[in-house]
Each structure stands twice: as C-alpha cells, then as structure tokens.
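Q: Could you take a close look at the second largest cavity in this model, and explain which residues line it and which helices supply them?

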Amino acid sequence: MTVLRQRKSGKVKEAPPTAELQSQTSDCCTDRRPERILHGGWSWTVIVWTSVGWSVSVGLGLLCCIYVATLHENDLWFSNIKEVEREISFRTECGLYYSYYKQMLHAPSIQEGLSDLIHDNLTESKRSINLLQRMNIYQEVFLSVLYRLLPIQSYLEPVYFYIYTVFSLQAVYVIALYLTAWLLSGSWLAGALTGIWYILNRVDTTRVEFTISLRENWSLPFLALQVTAVTCYLRPQLSALQQKVMVWLMYVTTFCFCLTWQFNQFILLVQALVIYTLDCLDFITAPQVTTLYLVQLSGLLSVWLLQFCNSMILGSLVVSFIVAALFIRHCQSALKTGSLLTRVGKLLLHSTMVLLLTVTINYLAKKVLQLRSDEHIFKFIKSKFALGHTSRDFDASLYLCEEAFGRLPLDTLERLAATLLLYPYILTLLLLSGTLALAALHNLSRSQDRKAASECHAVALRADVAYNVLHTLFFGLVAFSTMRMKYLWTGHMCAVAAYGVCGTELWTLLLNTLRCNSKFLLRLVRFALPLAMIGCLYYKFWPKLMEELSELREFYDPDTVELMTWISTKTPKRAVFAGSMQLLAGIKLCTGRVLTNHPHYEDKDLRERTRQVYQVYARRSPDDVHDIMTAIGADYVVLENSICYERRHGRGCRLRDLLDLDNGHVMDGPGDNDPDLVPASHPRFCDAIKSDAAASGYTALFTRTFQNKTFHVYRVKKRRKKSAKNPATEPGATQEQENEK
C-alpha cells in the first residue's frame, strides 16, 4: 500500500492513498487485522471476526504444544521409565543445561544455589567458573525458582514442569507466526494456514520433541514474537502511544531472545543487515532506523549486565556494526539526496565506510577485551567458504564434519513441497522481490533536498512487508548455507507463504494483470483459496498425523544406564571424569560428578582442553595420555567404542581422523594422505589399552574399573617411583578389580 508519511515533532500525518491503489484499501470489510479495533473500528462484525481469529490462534498454539508433548511421550514412554533413563534422554548439551535446573532444585536455598552457579567448580575440573556469565542458563534458574515457590510440588514432578514449559513455548511460537501472517495479510485465515503449515512441517520447523533443552527451543519463540512486534511497529496508522508500546514489546522480546541463546549476536547481526538494507533503500524513516538499532543494542547490553559483563557481547560483530552504522549515518546527513547515480555512489561509499568502521571497532574491542571465545565460529565460516587455510583446524572440522552444519539437503524442499508450502512461498517471494526491487529503484530515483530527505518518505511497498521479505531472504540464505539454521527460516517461511495466499496486494496485482479485478472476486479468492488449501491438507495429512501419534516406542539404552549406575554407586562423589563432551554432559546430570570438559564450546581454554582429552582416541603413548589426564585432574577416563571404532562418518571426518590430521599423522584405512603426514610411532590408545592390557606401559598408569559392550572406564593412577610396590597391591586395587566387568 502506497502511503506518504511525514514526521514532525513526533506526530504522524498520513496522506490518503493514491488513486491507483485505492481499490486495495477501500475494501475495509476484509481488513480485519488484530490492531484494527485500536483504530476505532468498533463494530460487532469486526469484534466477532477478530475474536474468532484470536481464538483460532490460541487453539492452534495449544494443538502444537499437545502434539509435540505427545510425540515425546510416545517416543520414550517418558512417564513409565526410571529417573536415570529420563535424565539420559537429555542427550548431549541438553543434559548439561538441565543439570543446572536440577542443581538449583537440590540446593538448600535459592541463595546457595545461585552462589554455587556463580562459583562453580564441578563443570570444569581445577577451575572455578561463573556459569551465569559463561552460559545462557537464566531460564533454568528462573524455572527452578518458580517451581520452588509455586504450590505444585505434590502433583507435578520437576522434570515435567521443565519440559511442559518448553513445549508451551511452542504454542507461543505458533501464535507469534500466526499474528505476523495476520498483520501482513489482514486475514486471520493466513494465520490459520501458517499454524497448520508449521505443524505439518514439524520435521523442518522444530526439533523440540527430542532436544528439549537446546537453547534455540527457548529463544526462537521470542525471536518470532520480536518479528511480530517489528512488523506491527512498521505498519502505518499507528498512534504515538501504540508505537511506544511496540518499542517496549520489541525490547522485551529482544532481551528474552538474547538471554536464552549464546548465538544471539549472529542472529541479530543478520537482522541488523535487514534494517540497514531497508534504510539504504529508503523504506523506513530515520527515527525508525535509530529505534530498531537501539532496541537491539539495549537488549544486548541488558544481557551483558545480567551475564556479569560477558565480553563476547561487547566484542560481537553486531554491536560493532550498530555503532558504526549509527555513527556513519549521523555524519552523512546528505546521504539521500541527488540523482539515481549520485545516490547509488553515495550508498556504495556509505556501505564501505560502515564496513571498514565495523571491522576496526570489532578488532579494537577484541584486542582490548582479549576476546578469543568465538574464534571457532569464524574458523568454521572460513573453512566452510574456503576463505583461509583452516582445512586441518580441529575445532572447525568438528563442525564441518557434522551433517547439521552442511548445506541444506534437497529432500528438505521435497518435504516442504509435499505440504503445499514451497510453491506459494516461491511465487510470493518472486512477486514481492520484484516489487521490492522496483520500489527501491523508485525511492532511489527521487530527487530530494536535505530537508525533504529527512522528513518525507514515499514508498511503493509497505515497510512491514519489505521488512519480512528481506527477513525471509536473508535467513533463507543462512539456512541454505547451514542446515542447522533452517529452523530460523522455515517458521517464518510459513507466514510469508500464507501472506501470499491471503494478502490483498498480491491478488490485486494478479487480477489486474488478468484484467478481471473486482471487490467480489478479490474477496472470493482471498477466502476460498486458503479454505480449499486447509481442506486439502486436512484430507491428506490428518490420517498420517493420527498414525504418527499411535506409534508407541520405549527408551532403551541399557549400557548407558549401567554406566551411570556404576558411577553413582562405585566412585567418590568428587571424582573427576574425562571423556567425550556428549557423554560427560550426561554424567554431570545423572551422577553429579566433576567433569574435565563439556559441550558448551564457547571458551578457548575449554576447546583446547577438549582437544587434549580427545587424545585418548589418537595415536599417542600411554605416558602422553597419562600426563594429559594428570594435568587436568582426571581420576577416570571413559572410552567409547562408538568413537574408537567409528563408522558413522567417512574417512577424514571420523574423530580419530581429525586427531590424526591435527597431530600430523597418517589416517587409518585405504585412501590418500597429504604428503606432509607421517606414520605415528604409537598405536591408537583407545584400542591398544584394551587389546594390550597386560603390557606394563598401560597397566602401570591405568586400571580398568568398568566395561560393557559400549564403554570402558579406566582409573588414572598416580605415578609411582621405581621402588614402589606393584600397582596391583595398592590400596583399593582389589576392590576395583572386583568391580571390573
């Protein structure tokens, strides 16, 4: 919708729509957006229709919540398995995060629990770290405090309070996407179609049912709410009070998003680039640009304070970019004046200056703060796009060898097409991208003096629509480059596709092209098509959903249960365990023992320690491994057959291969090796210690204390002088040999 907006002294004055677009806005009966009542549209028709829309949004949100909760229960039989099995089901880093919720609940008081988190010496041996500074676990703290204060302990177990909260956030997520589609299109049928698409494409929109504690499952609902607030803020016809309310909503949702996910800075950087593009192409006003930037910056700085001045936030690219963009914009007051070529030249110069200042600020900030915690992310990006010599970097290779960090597979698009989502999305994106390009060209072609450039904005595409188009384009590119990031894109994709199906502007354009546009036909298409699609989806997928919900499975991992039971009953409570990051997170949750390393990888010293611990899977001598374990204070080391004899990855991506490359050794198996690699002088430790257990080189330093089909646990002995007695006669050795399996 074309709108002339003038801002003077904080007031908004709106000019009437142009004649050529009058037909798009005259059909007020179909424009029942959720904020319409606030503009004085008090009629029974509007009230009833809007109430129905809100009811449908809540219903779809609850349906999604119940759906994922049922899948989780049916997949694990969660209500019937033992407590240790429930905790083991929190795989990898999920178990680490949940362990802090459990730790807070078991603390004598809330104050002592917080103190233990601030001065933690269990997560990393020989180190005391501030977990509230290092990790984004305020949600676990909040839930534990809430559970202790609410009178629900007698009928709701702590684990259910936790998982039901996460599943409830899925309802919030669906409602936020629903409202975004409703705001864009003016019809809550678009919201209904969005919610249905989100649920039917569950495989590609969320993984909450089996990764409950992942930070993204906490943060993405707040990101969706923030996008809804931004969409509403950029809409025309908002009063000054309503704009202030939207600004506060944007701040609160941005703050919650940043507080719950350590990768917030990279997501906000993409969003800041969207805002920057809208500003350069003259789609939003200068006050709106400044407000959006400051909302982002305020949210980040608020989290910085809560996280005890976490240096990763101040040293983030997004903070440097926002500061640079605001400063350069302030200095270039005549940026939006002149002819088309002049403005394009100014924009190129402007963008170059912003880029250079961003890099300079970020470099200086990291030097001053001595920040190296996020190095692995930039190494990963360099390796992924072949921007540097990092092909053998251990940290980067750990990411690159995982399928989740590869490119988006084509079968994802096939699944999206099967639910009738992909085709309307592509058509909508093409039409809107073309409109966006024409509108940008029109905006840049206008010749304005300085005063007019700062006060008047004539746009040929609504700012809220332009924002969502760029949002889905930018995050779509991120998703195609890295599969794990698709969850940032697919949910919003549902809203954009639904807007295309139900929106007025696109259908008006198509009907005008076909020379058959009329109010009646426009209404008919906007209501009939989404209803027909919903009916088709119901007919095609309802039986499949019922079949999926009827499938009953059960958690079964006896080897891990046996290991956790042995650790809990046969080892000292302050024993220190070394092993893979994924397994140690489970050991922390199930047994409370001290760890040497863990999956929260955003610390340089921890990454180096993890690389050292993983030498048990490399070709290293027993003396080297023993020295490493002694240096980090490990009492026990857990070896996993699934890693030592890994077959899941191909040659070059197995963990033992990454370690061989990092150590300069030739890899196992047939295949080419780089000419600078040399054969190792020692056998692979994890294999040799089992097959050659009688050799003095191993038994003098390690004693096997537990084994089953999956795990082997060895106690790290203290070095003895040559005159010492035989290791088998040391105190406690007899008991440990009896425990051997």
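A: What follows looks at this cavity and then at the packing of one of the helices beside it. The model is a predicted one, and the count of cavities of 30 Å³ or more in it comes to five. In the second largest of them there is about 90 Å³ of space. Its lining is made up of Tyr173, Leu177, Thr180, Leu220, Leu223, Ala224, Val227, His471, Tyr487, Leu488, Gly491 and His492. Sorted by class, the residues of this lining are eight nonpolar and four polar, with no charged residue. Three helices, α8 (158-185), α11 (215-233) and α24 (490-502), each supply at least two residues of the lining, and the largest share, four residues, comes from α11.

One of these helices, α8, also packs against another helix, α4 (residues 93-106), at an angle of about 135°, and the axes of the two lie 11 Å apart. Because angles over 145 degrees count as roughly antiparallel and those from 65 to 115 as roughly perpendicular, this angle makes α4 oblique to α8. The crossing of α4 and α8 is right-handed. On the α4 side, the residues in contact are Tyr98, Tyr101 and Leu105, and they meet Pro158, Val159, Phe161 and Tyr162 of α8. The contact of α4 with α8 thus holds seven nonpolar residues, with no polar and no charged ones, while the lining of the second largest cavity has four polar residues beside its eight nonpolar ones.

Key
Residues are numbered from 1 along each chain as its sequence is written. This is a predicted model: local features need pLDDT of at least 70, side-chain atom pairs count only at pLDDT 80 or more; totals for chains, interfaces and linings use all residues. Side-chain values use heavy atoms; hydrogens and water are left out. On a 1 Å grid over the protein atoms alone, a cavity is a set of points where a 1.4 Å probe fits but cannot get out, and a pocket is an open set with protein on both sides within 12 Å along at least five of seven lines; lining residues have an atom within 4 Å of a point. Grid points are joined across faces, edges and corners, and a volume is the space filled by probe spheres set on the points. Ala, Val, Leu, Ile, Met, Phe, Trp, Tyr, Cys and Pro count as nonpolar, Asp, Glu, Lys and Arg as charged, and the others, Gly among them, as polar. Axes are lines fitted to C-alpha atoms, for helices over the stretch in contact, and angles run from 0 to 180 degrees between N-to-C directions. Angles under 35 degrees count as roughly parallel, over 145 as roughly antiparallel, 65 to 115 as roughly perpendicular and the rest as oblique. A crossing is left-handed if the near helix is turned anticlockwise from the far one by less than a right angle, and right-handed if clockwise. Contact means heavy atoms within 4.5 Å.
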